[in-house]
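This report considers the salt bridges and the pockets of one protein model. The sequence and structure are shown first.

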Amino acid sequence: MARISLKVNGKARTVETDPETPLLYVLRNDLKLNGPKFGCGLSQCGACNVIMDGKAIRSCVTAVKSATNRPVTTLEGLGSTKKLHPLQKAFIDEQALQCGYCINGMVMSAKALLDANPKPTDGQIKAALADNLCRCGAHTRILRAVKRASGQKV
Ligand code: FES
Ligand code: FES
């Protein structure tokens, strides 16, 4: 066990845990941030994505020790039900989900994309989301939602 200092959604947090524990488990179980989801646990689906140092990463295969004092943003850090982030609003406006299980990962990958490239092309959005799996087949609406959030015509 070790004491690990984290910076999550702009707040300093400290946890006592095995340093090899996946960041996903610490976020969900210790910090009660349930935006990131456990899908595969094998870096294959993207449901667990969070943003660290500006990049979308798989929190299921990231040891918590590697997040020490690095800025981590989860879905909870984007907006709230009272004040939605533009991506969250666009996903609702486009009804871009069915079961919703993949949507945390889709939104976080899209956030990293739009932060780096505010007006992406359809091809760039598809490439950025290519490693996020959606078993419900909501891809077309997800693409529209990301485009809408970027302020481009859908
Ligand atoms: S749960 Fe992390 S990639 Fe699937
Ligand atoms: S909406 Fe169900 S997995 Fe994507």
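In this predicted model, Glu16 is partly exposed, because its relative accessibility of 45% lies between the limits of 20% and 50%. Its salt-bridge partner is Arg3, which is exposed at a relative accessible area of 62%. Glu16 belongs to strand S2 (residues 11-17) and Arg3 to strand S1 (residues 2-8), and 13 residues separate the two.

The structure holds nine salt bridges, among them the three listed here.

| Salt bridge | Closest N and O atoms |
|---|---|
| Glu16 and Arg3 | 3.1 Å |
| Arg70 and Asp53 | 2.7 Å |
| Glu94 and Arg148 | 2.9 Å |

Arg70 and Asp53 are both partly exposed, with relative accessible areas of 32% and 39%. The Arg70 and Asp53 pair links distant parts of the chain, 17 residues apart.

Glu94 is buried at 9% relative accessibility, whereas Arg148 is partly exposed at 35%. Glu94 lies in the loop between H2 and H3 and Arg148 in helix H5 (residues 139-149), so this pair ties together parts that are 54 residues apart in sequence. Through shared partners, salt bridges join Lys89, Asp93, Glu94, Arg144 and Arg148 into one network.

Turning to the pockets, the largest pocket encloses about 200 Å³ of space. Helix H2 (86-93) and helix H3 (103-116) each supply at least two residues of its lining, which includes Phe91, Ile92 and Val107. The lining of the largest pocket divides into seven nonpolar residues, four polar and one charged.

The second largest pocket has a volume of about 150 Å³. Among the residues lining the second largest pocket are Cys45, Cys99, Cys102, Cys134 and Cys136; its lining comprises eight nonpolar, two polar and one charged residue.

Key:
Residues numbered from 1 in each chain as written. Chains lettered and ligands numbered in written order. Predicted model: local features only at pLDDT ≥ 70, side-chain atom pairs only at ≥ 80, totals over all residues. Heavy atoms only, no water. 1 Å grid on protein atoms, 1.4 Å probe; cavity = no way out; pocket = protein on both sides within 12 Å on 5 of 7 lines; lining within 4 Å. Points joined across faces, edges and corners; volume = space filled by probe spheres on them. Helix = DSSP H or I, 4+ residues; strand = E, 2+ residues; numbered from the N terminus. Nonpolar A, V, L, I, M, F, W, Y, C, P; charged D, E, K, R; others polar. Salt bridge = Lys/Arg side-chain N within 4 Å of Asp/Glu carboxyl O. Buried < 20%, exposed > 50% of the residue type's maximum accessible area, 1.4 Å probe, protein only.
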